[in-house]
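Subject: Handover of a structure

Hello,

I am passing this structure on to you. Please have a look at it first; my notes on what was found in it follow below.

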Amino acid sequence: MIRFLPLLAALVPITVSAQTLTMEAVGTEAREGVLPSIELLIRLDAPADHVLLVEVSLSGVDASAGTDFTPSLIPVTFQPGEVVKTARVNIVDDAEDEVQRETLVATVQSVTPLDTTNPPVVVNAAPAIPLTILDNDNYFSVEAQPGPEGGAVILTITQRHDSDRREVVFAAPGAGSATPGADFEPWQKVAALAPGTTETTVAIGLMPDAEPEGDETFPVEMTHYGPGTTIFDPVRATATIIDETEPEVPVRIEYIEGTATVSYMDFTRTDRFSHPPMGATLIRHLGGTRMTLAQDNGANLELRRSCMEGIDFDGIASGIPGLSAEDIGAGNRVGWYGDFTVEGIAFDYAMFEQPDGNYFGWGRQRGDVDGAKILTLHGYRVTLLEPQPDVPRLPVDDAGSQLPPEAVTDAVARQVAADLGMTADEVRPFLSSNTAPDMTTGDGESSRPVDVTVLLDPEGRPLRADRAAPGPCDPGYGEASPATKRLRYRFGTAGDGIYAQGVIQDVETGVFEEAYMEDLGDMSGSLDNAAERAHQGLDPALKAPD
């Protein structure tokens, strides 16, 4: 009998068992400059029977091949008997400040048997694996905001991208046209940016002084210590100190005879006290809160705008023969006050501005000398020796009559209101008025012009008069919103006509940016016409207040 089984066996194909390939990452994150690569483990579930070529593809989500990682394709070869192979994703340590976390994805693109005569069956079960590159570089932009004497320069430090760690930045001021320690705080400043933040500020304190020396600058060197590359733009910032001191004004100080009292045990003696006149210079600091009276004897009297409600004017006046409490300033809530102490003797002094622009006040000395109590009181007058420079004097024989300040203010309010789309009553709280120095005969008795002032914020919005310049006795003193521009109208009379003038002044620098002065031949007798001419002549860029 013939058997066919061998033939049948030859016709049935031999069954080949399939292998499974997987991939895993040793770690899924790497920081630039710390880990040079991320390792991927490609694994077979059984030793390879044949030579296999596995290609791992790397594709960027927001990371870029070549600039953030290499290569884009990794070939891995399994030799017979091998089970695990390693593929390395190289991390590029660049110098670019990028988003904190950049992502790429690793996948097994292909599995190719290199033995084509009897190729094995390999199942690609490798998952797509997201990988993250952590940036280690920093780019900071630096902006230095100028500050006034006695204030601060503010450095704003902005990082292009946030970080997952605390970044510390150092700012070291150095010598420039400004002097360390004399003009600004000389020590290094430290600023920190918390994780997830991109901006911080540093304040460098500025010293007040009484010298009119113009704006000064000093460099600020920026540094940062980190694992990668740090770029500052600029690496050396320039800080500017705004000189808020006006040029010196020559004055003459005349002392009013007072008294000097010495008390020792039961003995008291009072004598007349007098002091010869002397020259001096008056330095007005912009901002309106400080003045310096520099005397020719080398002593500087520093004065600040102060609330005078607690001063015993009656007691001081009792020691100055011929002067009353009102003569030396009683009734003024606000004045200029200063004090200092020398060898146990306390000196204080005050003065008050007079309608003619000069000052009148009192001085006092109190203390103990060898057990004796000493009290000296006197009055004094400070007379400015320069004429008012901003407008020319009108002819002496054409003094005219005094304009009513309220009517002048209302006329300006109507012009400003028309510009802002408001009513005059709504605008009125933003205006302040006062009588200006006498511009005619100079004797203080003739008609005086009327000034109307509007203070503007940086956007050109008027500030309420009571908010923009509160007095030292008011609760909100020192907390008012700062004004950057001063809009001032001036109205006076010459004969039967009304003349109008106007200026726009920068509050910080004192510079007159715009000015209007009409020809006296164009005067009319109408206050509204004068206000319209002054307002249109200046043409200020105004915005309605909030």
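Phe340 is partly exposed, because its relative accessibility of 33% falls between the 20% and 50% limits. Please keep in mind that this is a predicted model. The ring of Phe340 pairs with that of Tyr349: the centres are 6.1 Å apart and the planes stand at 55 degrees, so the pair counts as tilted. Tyr349, in contrast to its partly exposed partner, is buried, at a relative accessible area of 6%. Phe347 joins in as well, and ring pairs connect Phe340, Phe347 and Tyr349 into a cluster.

In total, the structure has seven aromatic pairs. Another of them is Tyr255 with Tyr380, a tilted pair with 6.5 Å between the centres and 45 degrees between the planes. This pair connects distant parts of the chain, since Tyr255 is in strand β20 (residues 249-264) and Tyr380 in strand β28 (residues 372-384), 125 residues apart. Both rings belong to buried residues: Tyr255 has a relative accessible area of 19%, and Tyr380 has 4%. The value for Tyr255 is under the 20% limit, so Tyr255 counts as buried.

Salt bridges come next. A search of the whole structure gives 24 of them. Side chains of opposite charge can pair when their charged atoms come close. Three of the pairs are described here.

- Arg364 and Asp348 form a salt bridge whose closest N and O atoms are 2.7 Å apart. Arg364 is in strand β27 (residues 359-369) and Asp348 in strand β26, and the two are 16 residues apart. Both count as buried, Arg364 at 15% relative accessibility and Asp348 at 2%. Arg366 also takes part: salt bridges with shared partners join Asp348, Arg364 and Arg366 into one network.

- Glu96 and Arg160 meet through their side chains in a salt bridge of 3.4 Å, N to O. Glu96 is in the loop between β7 (84-91) and β8 (101-113), and Arg160 is in the loop between β13 (152-159) and β14 (167-173), so this pair ties together parts that are 64 residues apart in sequence. Glu96 is partly exposed at 42% relative accessibility, and Arg160 is partly exposed with a relative accessible area of 42%.

- Arg43 and Glu24 meet in a salt bridge of 3.3 Å, N to O. Arg43 belongs to strand β3 (residues 37-44) and Glu24 to strand β1 (residues 19-25), with their positions 19 residues apart in the chain. Arg43 counts as partly exposed at 31% relative accessibility, as does Glu24 at 39%.

There are also two surface patches to point out. One is a patch of negative charge, where Asp312, Asp314, Glu326 and Asp327 gather. Asp312 sits in the loop between β24 (300-307) and α2 (313-317) and is partly exposed, with 47% relative accessibility. The other patch is nonpolar, covers about 380 Å² and is made by Tyr264, Met265 and Phe267. Tyr264 is part of strand β20, and its relative accessible area of 40% makes it partly exposed.

Some points concern the backbone. Which residues are joined by a cis peptide bond with omega of about 0 degrees? They are Asp233 and Pro234, and Pro234 is placed in the loop between β18 (230-233) and β19 (236-242). The peptide bond from Thr70 to Pro71 is cis too, with omega near -15 degrees. Pro71 is in the loop between β5 (69-70) and β6 (73-78).

Glu343 is not a glycine, yet it has a positive phi, near 50 degrees. Glu343 is found in the loop between β25 (334-342) and β26 (345-353) and is exposed at 77% relative accessibility. Asp539 likewise has a positive phi near 50 degrees. Asp539 is in the segment after α6 (527-538), and it counts as exposed at 60% relative accessibility.

Finally, Ala424 lies in helix α4 (residues 424-427) and is partly exposed, with a relative accessible area of 25%. Ala424 and Val412 are 12 residues apart in sequence, and their C-alpha atoms are 8.7 Å apart in space.

Regards

How values were computed: Residues numbered from 1 in each chain as written. Predicted model: local features only at pLDDT ≥ 70, side-chain atom pairs only at ≥ 80, totals over all residues. Heavy atoms only, no water. Patch = residues over 30% accessible without salt bridge, like charges linked within 9 Å, V, L, I, M, F, W, Y side chains within 5 Å. Areas by Shrake-Rupley, 256 points an atom, 1.4 Å probe, with all protein chains shown as cover. Salt bridge = Lys/Arg side-chain N within 4 Å of Asp/Glu carboxyl O. Lys, Arg positive; Asp, Glu negative; His and termini not counted. Charge placed at Lys NZ, Arg CZ, Asp CG, Glu CD. Helix = DSSP H or I, 4+ residues; strand = E, 2+ residues; numbered from the N terminus. Buried < 20%, exposed > 50% of the residue type's maximum accessible area, 1.4 Å probe, protein only. Phe/Tyr/Trp six-rings, centres within 6.5 Å; stacked < 30°, edge-to-face > 60°.
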